[in-house]
Amino acid sequence: MTRPESELAAARLPDRRELTVRIADPDDAATILALIHEAFAARPVVGPPAEALADDGALVADRLAAGTGYLAEIDGVPVGTATLTSLDGRPLLSRIGVIPAARGRGVATFLLEVIAEHRVALGDTEIVMLVRLDHPELVAGWQGVGFREEAVRDAHVLLRRPLPVVVEAPDADAMRELGRRLAHVLNPGDLIVASGELGAGKTTFTQGLGAGLNVDGPVISPTFVLSRIHRSRNGGPDLVHVDAYRLGSFAELEDLDLEASLGEAVTLVEWGSGVAEALTTDRIELDIHRGTDPDDDTRWVSVTPLGDRWDRAAVAAALKED
Ligand SMILES: Nc1ncnc2c1ncn2[C@@H]1O[C@H](COP(=O)(O)OP(=O)(O)OP(=O)(O)O)[C@@H](O)[C@H]1O
Ligand SMILES: [Mg+2]
């Protein structure tokens with residue numbers, strides 16, 4: 001199958017079907033309009049109906065001509081959409097919706113991830129959203145994927161999510177160097193949730209983190225012990241290194257009694273996504289990806305500070321320092 005130039009990302013679903021996201025073009029206006037209506041009409045209506053239902057073809061076509069419409073498809077069948085407009089010069093995510101038949105398959109989350117990556121490539125540092133005050137369940141859902149409440153505007157909550165800082169690590173030493181640099185902006189109580197396939201470099205990154213924090217080594221894969229505490233050599237925070245790969249649930253993670261040390265230590269949980277978030281809503285998400293060329297060791301490292309404990313610009317400066 002040839003791929004359209006506008007395609008941004010593709011993922012294989014558990015049933016082997018393919019989920020893709022591409023930039024929509026003006027020809028997609030009718031498709032997008034139908035998706036918006038189907039997705040938003042299916043929401044529980046509290047108070048006046050969503051403004052999205054009033055969208056018409058001309059409005060949608062204008063937005064698409066601006067190149068800011070996104071379309072998610074499963075095996076080429078449109079299932080979800082999102083549009084970016086702007087609010088006080090910041091990218092505003094709107095009209096993000098998935099048709100009922102495709103819900104529960106991670107389409108909205110994938111769409112959000114792909115849009116985030118696309119915006120990072122275009123130089124943006126954050127995205128914002130407006131969610132109606134009378135939909136607290138939607139606000140909670142967006143908080144689960146990293147949005148935080150910034151303000152209340154009329155009948156809406158303004159939510160903000162920092163975009164990842166993306167840096168390249170050509171080899172294992174470069175990965176350790178990134179960990180060492182990140183240590184400069186960490187404080188006692190910070191949680192890092194690391195994800196990335198087997199052998200991505202999560203433990204290698206943690207070795208650098210340990211060096212930067214100046215804790216006792218060696219930092220090695222904690223697989224057989226689940227968690228290991230590395231004591232500070234200079235009165236700074238200890239490093240708690242956890243492997244959640246074999247943990248099935250948050251309950252098991254709690255059994256490790258991490259909470260006792262969380263307040264004073266820096267904690268890095270490998271394979272923690274989906275499990276460790278419950279420990280604290282503020283966290284740094286670390287995602288490590290390889291490219292498609294098996295002969296190339298380069299890793300792409302995305303670091304997203306979620307919450308007020310860190311300043312994204314400071315994290316970016318630390319990771320990119322010369
Ligand atoms: N650019 C790179 N970044 C990180 N590691 C690299 C890189 N290039 C090669 N490597 C090697 O890849 C391996 C990464 O292993 P590591 O244990 O850090 O991965 P992991 O993500 O912790 O895996 P696991 O899921 O098994 O815990 C190491 O052997 C490291 O030397
Ligand atoms: Mg590891």
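This short talk walks through a predicted model of a protein chain with a magnesium ion and a second ligand.

Hi everyone, thanks for coming. Let me begin with the overall fold. The protein chain has 322 residues, and 49% of them count as buried. Its secondary structure comes to 9 helices and 15 strands. If you take the contacts with a separation of 6 or more, 62% are between residues 24 or more positions apart. As for the surface, the chain exposes about 15100 Å², and 52% of that area is supplied by carbon and sulfur atoms.

Now to the metal. Which residues donate to the magnesium ion, ligand 2? The protein donors are Thr203, through OG1, and Glu270, through OE. They sit 2.1 to 2.2 Å from the ion. What I like here is where the two come from. Thr203 belongs to helix H6, residues 202-213, while Glu270 belongs to strand S13, residues 266-270. That puts them 67 residues apart, so the pair links distant parts of the chain.

Are these two donors buried or exposed? Thr203 has a relative accessibility of 16%, and because the cut-off for buried is under 20%, Thr203 counts as buried. Glu270 is buried as well, with a relative accessible area of 4%.

On to ligand 1. Its shell holds 17 residues, and the closest are Gly199, Gly201, Lys202, Thr203 and Thr204. You will recognise Thr203 from the magnesium site. By residue type, the shell divides into 7 nonpolar, 4 polar and 6 charged.

Which helices supply at least two residues each to this shell? They are H5, residues 172-183, and H6. H6 gives the most, with 3 residues.

Let me go through some polar atom pairs, for those of you who think in distances. Glu270, which we met as a magnesium donor, has a side-chain N or O atom 3.0 Å from an oxygen atom of ligand 1. For Arg299, a polar side-chain atom lies 3.2 Å from an oxygen atom of the ligand. Asp171 uses its backbone instead: one of its backbone N or O atoms is 3.4 Å from a nitrogen atom of ligand 1. How much of ligand 1 does the protein bury? Taken alone, the ligand exposes 640 Å², and the protein buries 74% of that.

To wrap up, Thr203 and Glu270 are the residues I would keep in view on the screen. Both are protein donors of the magnesium ion. Thr203 is also among the closest residues to ligand 1, and the side chain of Glu270 has an N or O atom 3.0 Å from one of that ligand's oxygen atoms. Thanks, and I am happy to take questions.

Conventions
Residues are numbered from 1 along each chain as its sequence is written. Chains are lettered from A and ligands numbered from 1 in the order in which they are written. This is a predicted model: local features need pLDDT of at least 70, side-chain atom pairs count only at pLDDT 80 or more; totals for chains, interfaces and linings use all residues. Side-chain values use heavy atoms; hydrogens and water are left out. Donors are N, O and S atoms within 2.8 Å of the metal (3.2 Å for Na, K and Ca); water is not among the atoms, so sites may look incomplete. Helices (H or I, at least four residues) and strands (E, at least two) are DSSP runs, numbered from the N terminus. Buried means under 20% relative accessible area, exposed over 50%, partly exposed in between (1.4 Å probe, protein chains only). Contact means heavy atoms within 4.5 Å. Accessible areas come from the Shrake-Rupley method with a 1.4 Å probe; for residues, only the protein chains shown count as cover. A residue is near a molecule or strand if one of its heavy atoms lies within 4 Å of it. A polar contact is a pair of N or O atoms within 3.5 Å; within protein, one must be able to donate a hydrogen and the other to accept it, and residues adjacent in sequence count only if both atoms are side-chain atoms. Ala, Val, Leu, Ile, Met, Phe, Trp, Tyr, Cys and Pro count as nonpolar, Asp, Glu, Lys and Arg as charged, and the others, Gly among them, as polar.
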